[in-house]
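Let's take a walk through this structure together, one piece at a time. Keep the 3D view open and turn it as you read.

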Amino acid sequence: MTTTLIESEDRREYKATRRRGLVVDLSMTLATILAALVIGFLVMLATGKDPIAAYEALLTGPLERSFRVGRWLEDATTLTLLGLSVAIPFRARQISLGAESQLYAGALAAATVAIFLPLPPVAAVIVPMAAAAAAGAGMGFVPGSMKARLGANEIVATLMLNAIVVRVYDYLVNGPLKEPGSSAVHSEPIQPDSALTPLTEWLGIPFGRANVGFLLMLLTAVALWLLITRTPLGYRIRMTGSNPHFAEYGGIRVPRAIEWSFVIGGAVAGLAGAHLVQGVYGRLEPGLAGSLAFEGIVVALLARNNPLVVVVAGLFYSYLRAGGDIMEQQTDVGTEIVVVIQAVIVLLVTAQALPDLLKRRLARRQAGTSHKRSGTSDKRTGASHGKADAR
Amino acid sequence: MNESWDPAGPAVATRAVTKTYANGVRAVRGVDLDVPAGEIRAVVGENGAGKSTLMKLCYGLEQPTSGELLIGGRPRVLRGPASAIALGVGMVHQNLMLVPSFTVAQNVVLGVEPGRRGRLDGRAAVEATARLAEEAGLAVDPLARVEEVSVGMRQRAEILKALHRRARVLILDEPTAVLTPQETEDLFAAVRRLRDGGMTVLFISHKLREVREISDKVSVMRAGALVGTVTTADTTERSLAAMMVGREMSLDVTRAPARRAGTTLRVRGLAYAAPTGQPLHGLDFDVAAGEIVGVAGIEGNGQTELAEILAGLRRPGAGTVRVGDTDTAGLDVAGHRRAGVGYVPEDRLHDGAALDESIADNLVVDRHDRPPLARRGILRPAAVRAHAERLIEDYAIRTPDPSVPVRALSGGNMQKVVVARELSAGPRLLIASQVTRGVDIGAMRFMYERLVAARDEGAAVLLISADLTELLALSDRLLVLKDGRLVGRFDDTTGLTEKGVGLYMLGVEHHERAHLTAGLDDTAGSDGTAGPDNTGPRDTGPRDAGSGDSGKATPE
Amino acid sequence: MSSVLDVVLSSAFLAAVLRVATPYLLAAMGGLVAERAGISNIALEGQMLSAACTGALVAGYSGSVAAGALAGVAVAVLLGLLLAALRLELGADAIIAGIGLNLLASGGTAFAVYTLLDDKGGTSGLRSGTLPAVTLPGIEDIPVVGDVLSGQNTVTWLAFLAAPFVAWLFYRTRFGFHLRAVGEMPDAAASVGIAVRRVQYAGLALSGALAGLAGVFLSMGYVSFFVRDMTAGRGFIALAAVFLGGLRPWGVFLAALGFGAAEALAVQLGTLDVPPQLVSTIPYALTLVALALYAWRRKRRGAAEVAPASL
């Protein structure tokens with residue numbers, strides 16, 4: 001990979017290049033998404049489906065009714081929180097796959113408090129969420145400190161914790177926390193005061209299960225963005241991720257920065273669990289999170305771990321998920337194609353050499369075509385002259 | 001293997017070979033080398049003179065930008081080590097290329113294993129290794145794991161590797177750097193035996209004594225070019241040193257005599273031990289406020305370890321380090337920085353900068369959590385930016401904007417970022433390690449001026465460099481490190497020559513302990529009171545240094 | 001507790017352990033080969049899933065169990081090669097690319113099944129059959145051993161042969177020798193003229209084949225149909241076995257067998273009063289502890305060598 005030296009001192013010129021670079025990055029991202037959609041299109045075509053009808057449902061469906069919008073926002077809330085939860089450790093260059101365990105720990109903590117602890121109205125919402133954040137943070141601390149203090153592989157540690165916590169959760173929902181006397185496997189419902197207010201109540205339009213959690217998610221994203229860009233801790237996390245040797249040389253306690261990144265990420269994943277319990281289901285359900293935890297990683301990746309962009313990516317990704325369901329109802333194309341599209345996006349995003357390859361090819365072609373273009377433009381001016389003459 | 005050799009031609013030759021790297025550095029310029037078969041040829045030069053690059057070209061690890069390479073008397077194009085190996089070239093790298101968990105025998109046969117139809121015959125590998133070792137007189141234990149054997153045995157395994165591939169040319173890149181004297185003896189005996197059997201040996205080194213002992217001829221490189229080739233018998237260490245050192249471009253720095261004001265850095269009995277890296281043995285020295293103390297020495301003699309201990313990146317094994325009134329030996333990096341230690345690291349790409357982060361962020365790593373940059377736990381971007389703009393202005397960093405990532409800067413500009421950060425902290429003690437490595441002349445001059453300015457403002461500066469010219473131009477006093485020990489101390493650098501100091505670096509000369517510790521308080525055995533300034537014995541230069549009595553010093 | 005002992009000591013239980021451990025053993029060996037080649041294969045899960053789905057579909061439509069198995073393994077090999085290409089040619093992070101491939105497998109298999117069979121759950125509507133069992137003449141007459149071994153699937157036998165095979169490959173063949181060198185010290189391997197990338201491609205292909213076999217067993221041995229996301233995290237557990245087993249064939253074999261035994265036990269205990277979910281956490285908790293201890297030991301040993309003060 002060759003980097004171009006920026007030595008000119010012309011600030012205006014630099015700003016122009018930077019703007020151009022941003023445009024290139026943005027169009028790369030859009031191109032990635034477009035490429036994935038094209039692949040999905042081709043797959044449908046190859047399997048004898050009607051891709052145009054399918055994409056119409058996929059891309060316009062979620063906005064057609066207000067309750068569908070609600071479904072989208074509700075899903076986006078959980079997904080974005082999960083994306084944020086891995087984006088923070090990723091900033092410290094820690095591959096934490098532990099969002100699943102942190103989410104379930106958070107859900108358990110939130111539910112336990114919200115079901116069994118009588119609390120006054122406002123505290124009834126806040127205390128379970130705080131408990132969830134704490135439980136998630138604790139679940140992040142374990143692999144975080146194993147990595148920071150001992151150098152234990154964080155991927156294996158988080159995967160093992162996931163396996164353990166998912167099973168313990170399953171046991172608790174099927175056993176001690178199962179609603180007595182109910183034939184269905186789930187917990188008792190939470191106390192009404194603990195529920196996150198549905199947006200329907202506020203806006204008077206049926207918004208499904210979308211709730212205040214959506215706004216809390218937006219606040220969390222802004223808070224994390226401030227944390228990363230505007231606090232010394234965020235600075236330490238960034239430098240640790242960028243070059244741990246430099247961070248250490250500069251006097252930063254690298255293990256502590258790594259631990260904090262895990263703890264903060266864990267707390268946010270815990271909040272995602274609280275959102276599912278207090279906002280969406282109102283109780284513990286088996287397999288609460290589905291495959292959301294891993295999809296959070298995709299969202300973070302797509303957003304290059306920038307908290308504000310994670311929101312955009314989360315909204316986009318959930319939109320595809322919501323659209324996929326509608327597409328399945330209205331056409332004979334399965335919602336799974338959306339997962340395929342998402343997978344293609346991940347693979348294209350992670351292929352880091354690909355943009356460089358394309359850029360180099362583009363640069364070469366540009367060098368080639370600029371010759372041609374100057375040639376053709378001459379001709380064109382010539383032709384227009386001719387036309388003018390003819391006129 | 002061993003494709004057709006022309007017996008009449010040279011074993012290895014280069015014709016006007018030039019290597020320019022992608023970043024514009026020209027490491028080798030128009031070198032014409034001619035090594036006949038059956039000769040031991042030493043290639044010597046200072047660090048960065050291009051020896052290693054030249055050898056990489058001969059082994060196919062790098063491809064020449066222009067010029068022609070001959071092996072076995074015929075022009076060749078080496079696409080990689082595999083084609084070099086096929087032509088009968090073997091190389092023993094400075095950082096050995098062995099698989100740690102494999103046995104010696106396994107490493108020797110790796111790539112050309114005995115055995116039929118894809119199977120591996122372990123016993124044959126052991127036998128082949130033992131036989132080769134016997135023939136070449138290189139003692140190894142074929143069944144020992146490489147990670148568990150001594151460095152010397154690892155190196156012998158590397159040579160056996162080349163022999164197993166029937167190498168006819170053997171390149172040894174600084175082979176003795178890691179060996180004990182006895183191991184070096186044995187290695188030389190083996191190399192001579194190989195030469196007598198027809199092997200051509202290219203021996204890279206900057207230890208002139210060894211070069212004189214082992215080689216038939218010596219080729220001297222300087223700044224990427226071949227200065228000359230001489231018959232070893234006609235040389236002395238001094239004559240070789242004269243060919244090696246010196247830079248055509250002289251950078252005279254005008255500086256007033258140092259105005260010393262009390263001891264800032266006080267190091268006593270500093271020792272450090274580690275299985276990897278150079279151990280340090282009982283270092284005693286002071287650096288006063290307002291002086292630049294140079295540390296000379298061939299690279300790898302403990303400079304890195306010393307600098308990193310003083311900066312807090314490594315913990316000393318024994319001894320005390322005081323910076324001002326603070327005992328820093330037990331502190332972490334942040335503690336060192338609080339005590340007023342600034343450090344320009346020797347490899348800015350490794351730990352001196354976060355390349356993908358902005359210049360502004362790189363300039364605040366040691367002060368990001370304090371006013372004016374941070375208040376009440378909030379980092380203020382405007383303040384960080386203003387801070388960066390000021391330093392960009394003050395240190396003439398060529399960039400359009402503080403938000404430019406450091407990766408986009410040239411070597412000299414990048415180093416200015418590092419120096420700007422360390423100097424703007426107003427350090428009491430500045431450790432400057434290889435400050436001008438890989439920077440252009442303009443930036444070099446700038447660094448020199450800044451170091452002198454820092455000194456004049458009262459900082460104690462410890463200047464570590466592989467560049468003797470630079471050390472002599474800047475140092476008020478000079479220390480010489482060899483094998484992790486202080487072997488030379490010059491309290492007055494006027495009149496000192498590179499050759500004179502070179503003799504200490506090479507271990508030809510050394511000062512007595514009494515001279516080295518003269519004037520230091522609290523050293524083992526002596527109990528002086530005053531600082532080193534003016535009270536220590538003066539060394540008047542190389543002529544004096546060369547004579548036996550210069551080491552005589554009388555502790556007060 | 002005596003009832004627990006009765007369960008554990010029964011030959012039916014031992015037979016169940018062999019069956020349950022089969023996918024773990026194969027996938028873990030696949031993970032081991034990739035890891036030793038220097039590329040972490042976190043896509044084991046996706047490779048198993050794709051192989052399971054392809055196997056059941058191809059067998060169902062072609063009527064040939066062998067064709068199904070071969071097709072399943074082939075798809076997993078392709079995914080392995082794709083991972084290698086992403087890593088080696090396009091500079092992708094192996095972990096993230098692996099996650100992407102797992103997603104692709106999860107979505108792709110579910111999409112394929114739904115498209116072909118109009119069934120969300122799996123291929124139970126398709127008659128695809130199972131791979132044959134191995135019957136050794138006379139073995140059924142041996143007490144206990146006969147009960148345990150008789151009627152075990154071909155793939156189960158292959159799974160138990162996988163560890164000796166990989167051990168033989170690693171330590172007795174030129175390819176394995178090169179693979180270990182490439183994974184441990186690519187520079188050293190390259191410096192003696194070994195084609196590092198080619199070896200890594202081959203390693204990832206083999207890794208995929210082993211994972212593919214594990215997947216084929218799930219849909220054509222364990223049961224006779226494909227169920228959506230039927231691998232249920234087995235690929236990740238296999239990966240943990242790779243690390244727990246210390247990256248050595250027999251160590252990984254024991255770790256994978258242990259995971260299999262714990263799962264079989266959890267299933268058996270479901271009939272008793274012990275919560276099976278809690279029993280099944282034991283191997284993961286042990287892995288976590290082992291990981292910490294291993295790292296601690298390595299750190300202590302490393303600390304003696306280089307001691308960066310602040311770490």
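**A walk through the chains**

Start in chain B, where B:Ile171 has B:Leu202 in β8(B) as its bridge partner. That bridge belongs to a parallel pairing: strand β7 (residues 169-173) of chain B and strand β8 (residues 200-205) of chain B run side by side over five bridges. Keep in mind that you're looking at a predicted model.

Now zoom out a little. In chain B, six strands make an open sheet in the order β6-β7-β8-β3-β9-β10, and the pairing is mixed. Why is one side of β6 (89-92) and of β10 (225-231) of chain B left without a neighbour in the sheet? These two strands stand at the edges with a single partner strand each, so there is nothing in the sheet next to their other side. From one strand to the next, the twist averages 20°. A helix packs on this sheet too: α5 (residues 151-164) of chain B touches β6 and β7 of chain B, and its direction makes about 170° with that of β6(B).

Chain B has another open sheet to look at, this one with four strands. The order is β2-β1-β4-β5 (chain B), and the pairing is antiparallel. At its edges you'll find β2 (26-35) and β5 (74-76) of chain B, each pairing on one side only. Neighbouring strands here are turned by 30° against each other on average, if you ignore direction. Look at the β5 end: strand β4 (residues 66-71) of chain B pairs with β5(B) in the antiparallel sense over three bridges, and B:Leu69 stands opposite B:Arg76 in β5(B). Lying across β1 (12-20), β2 and β4 of chain B is helix α1 (residues 51-58) of chain B, which runs at about 65° to β2(B).

Next, move further along chain B to strand β12 (residues 280-288). Is this strand largely enclosed or largely open? Seven of its nine residues are buried, so β12 of chain B is largely enclosed by the rest of the structure. Its antiparallel partner is strand β11 (residues 263-272) of chain B, and the two pair over six bridges. One of the matched pairs is B:Thr263 with B:Ala288 in β12(B).

How is chain B divided up on a bigger scale? The domain assignment gives domain 1 (1-88 + 166-244), domain 2 (101-165) and domain 3 (263-356 + 427-551) of chain B. The centres of domain 1 and domain 2 of chain B, taken over C-alpha atoms, are 24 Å apart. Where these two meet, 13 residues of domain 1 of chain B are in contact with 10 residues of domain 2 of chain B. Helix α6 (residues 181-196) of chain B supplies the largest share of the domain 1 side, five residues. That side divides into nine nonpolar residues, one polar and three charged.

A word on confidence before you leave chain B. Its pLDDT averages 84, and 89% of its residues score at least 70. Over residues 525-556 of chain B, though, pLDDT stays under 50, so take care with that stretch, since pLDDT is the predictor's confidence in each residue.

Over to chain A, which has 15 helices and zero strands. Of its 391 residues, 53% are buried. Among contacts in chain A with a separation of 6 or more, 75% join residues 24 or more positions apart. For a close-up, find A:Phe294 in helix α12 of chain A. Why does A:Phe294 count as buried? It has 20 other C-beta atoms within 10 Å, and 20 or more is what the label asks for. A:Phe294 and A:Gly83 are 211 residues apart in sequence, but 9.0 Å apart in space from C-alpha to C-alpha.

Finally, let's see how the chains meet. Between chain A and chain C, 41 residues of chain A are in contact with 41 residues of chain C. On the chain A side, α6(A) gives the most, with 12 residues. By class, that side has 28 nonpolar, eight polar and five charged residues. Chain B touches chain C as well: 25 residues of chain B are in contact with 21 residues of chain C. Helix α2 (residues 81-86) of chain B gives the largest share of the chain B side, three residues, and that side divides into 14 nonpolar, six polar and five charged.

Note on methods. Residues are numbered from 1 along each chain as its sequence is written. Chains are lettered from A and ligands numbered from 1 in the order in which they are written. This is a predicted model: local features need pLDDT of at least 70, side-chain atom pairs count only at pLDDT 80 or more; totals for chains, interfaces and linings use all residues. pLDDT is the predictor's confidence in each residue, from 0 to 100. Two residues are in contact if their C-beta atoms, placed from the backbone, lie within 7 Å. Two strands pair if DSSP finds at least two bridges between them. Axes are lines fitted to C-alpha atoms, for helices over the stretch in contact, and angles run from 0 to 180 degrees between N-to-C directions. A residue is buried if 20 or more other C-beta atoms lie within 10 Å of its own, exposed if 12 or fewer, and partly exposed in between; C-beta atoms are placed from the backbone. Ala, Val, Leu, Ile, Met, Phe, Trp, Tyr, Cys and Pro count as nonpolar, Asp, Glu, Lys and Arg as charged, and the others, Gly among them, as polar. Domain bounds come from an automatic or database domain assignment.
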